[in-house]
Amino acid sequence: MAVQKAVEDANAKKRNFVETVELAINLKDIDLSVPKNRITDDIILPYGRGKDVHVCVIGGGELALKAKGVADTVVTPEELQAIADDKKQAKKLANKTNYFIAEAPLMAVVGKKLGTVLGPRGKMPKPIPPGADPTAMVDNLRKTVSVRTKDRMTFHAPVGTVNMPAEELAENIEVILKRIELKLEKGRMNIESAYVKTTMGPSERVI
């Protein structure tokens with residue numbers, strides 16, 4: 001089993017950090033210069049990513065109160081202006097945060113004030129109704145990976161870490177592959193190959 005071998009090889013070599021396990025997918029017979037053929041998707045992994053995922057909620061009033069203790073960062077509408085005025089602070093927030101959630105009425109404001117920072121990083125916020133409980137949304141985002149092919153025939157997605165059981169990693173990989181197949185015109189026929197590898201380890205072929 002490719003996943004088992006990749007993880008065992010990684011765990012045999014002691015590192016001073018926990019290695020990420022990544023899936024690399026190579027596509028074929030598809031023209032990614034045509035934007036509609038590109039894949040942009042957020043996929044919830046059944047066993048999560050094996051590491052912390054930083055979620056920021058942008059909102060006021062009831063939403064901000066409910067987000068405290070659930071999200072890693074809560075930004076109120078008043079604080080949003082201050083962050084937007086300080087480009088260094090805006091970039092710092094964008095770089096440390098994996099996913100943003102914004103109160104629906106604030107989406108346009110966030111786009112105007114932080115769009116130049118969040119847009120290129122693929123981190124524009126997901127909307128949430130005013131006053132809603134963000135707990136379920138935050139929990140799902142903590143288990144989510146973002147897949148972006150852009151115009152590249154080869155792309156990568158993290159599927160966990162080496163201290164997760166190989167069976168869980170394999171299930172995470174299967175979920176990603178099935179989701180990618182659904183997005184491709186010819187399904188599995190558009191996948192040339194897929195490899196699993198750890199941060200420092202060699203690639204093992206999955207498909």
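**Two sheets, their helices and a pocket**

Tutor: Let us start with helix H7 (residues 166-183), which lies across strand S1 (20-27), S8 and S9 and runs at about 150° to S8. Keep in mind that this is a predicted model.

Student: What makes you say that H7 lies across S1, S8 and S9?

Tutor: Contact means heavy atoms within 4.5 Å, and H7 lies across S1, S8 and S9 in that sense.

Student: In what order do the strands of that open sheet stand, and which way do they pair?

Tutor: The order is S8-S1-S9-S10, and the pairing is antiparallel. Strand S8 (154-161) and strand S10 (204-205) are at the edges, each with a single partner strand, so each has one side without a neighbour in the sheet.

Student: How do you know that S9 and S10 pair?

Tutor: Two strands pair if DSSP finds at least two bridges between them. Strand S9 (residues 191-198) and S10 are joined in the antiparallel sense over two bridges, so they meet the cut-off. As an example, valine 196 has glutamate 204 in S10 as its bridge partner.

Student: What is the order of strands in the other open sheet, the one with parallel pairing?

Tutor: That sheet has four strands in the order S4-S3-S5-S6.

Student: Which are its edge strands, and why are they called that?

Tutor: They are strand S4 (73-75) and strand S6 (126-128), and each pairs on one side only. From one strand to the next, the twist averages 25°.

Student: How do you know that S3 and S4 pair?

Tutor: Strand S3 (residues 55-58) and S4 run parallel and are joined by three bridges. At least two bridges are needed, so S3 and S4 count as a pair. Isoleucine 58 stands opposite valine 75 in S4.

Student: Which strands does H4 touch on this sheet?

Tutor: H4 packs on S3, S4 and strand S5 (99-103), and its direction makes about 140° with that of S4. H5 lies across S3, S5 and S6, at about 155° to S5.

Student: What describes the packing of H4 and H5 on each other?

Tutor: Two packed helices are described by the angle between their axes and the distance between the axes. For helix H4 (residues 87-96) and helix H5 (residues 107-118), the angle is about 65° and the axes are 10 Å apart. Their crossing is right-handed. Ala90, Lys91 and Ala94 of H4 meet Leu114, Val117 and Leu118 of H5, and these residues divide into five nonpolar, no polar and one charged.

Student: What lines the largest pocket, and how many residues are there?

Tutor: The lining has 17 residues, and Arg121, Gly122, Ser146, Val147 and Arg148 lie nearest the centre. The volume of this pocket is about 390 Å³.

Student: Which strand gives the most to that lining?

Tutor: S7 does, with four residues. Strand S7 (144-148) and S8 each supply at least two. By class, the lining of the largest pocket has six nonpolar, five polar and six charged residues.

Methods
Residues are numbered from 1 along each chain as its sequence is written. This is a predicted model: local features need pLDDT of at least 70, side-chain atom pairs count only at pLDDT 80 or more; totals for chains, interfaces and linings use all residues. Side-chain values use heavy atoms; hydrogens and water are left out. Axes are lines fitted to C-alpha atoms, for helices over the stretch in contact, and angles run from 0 to 180 degrees between N-to-C directions. On a 1 Å grid over the protein atoms alone, a cavity is a set of points where a 1.4 Å probe fits but cannot get out, and a pocket is an open set with protein on both sides within 12 Å along at least five of seven lines; lining residues have an atom within 4 Å of a point. Grid points are joined across faces, edges and corners, and a volume is the space filled by probe spheres set on the points. Ala, Val, Leu, Ile, Met, Phe, Trp, Tyr, Cys and Pro count as nonpolar, Asp, Glu, Lys and Arg as charged, and the others, Gly among them, as polar. A crossing is left-handed if the near helix is turned anticlockwise from the far one by less than a right angle, and right-handed if clockwise.
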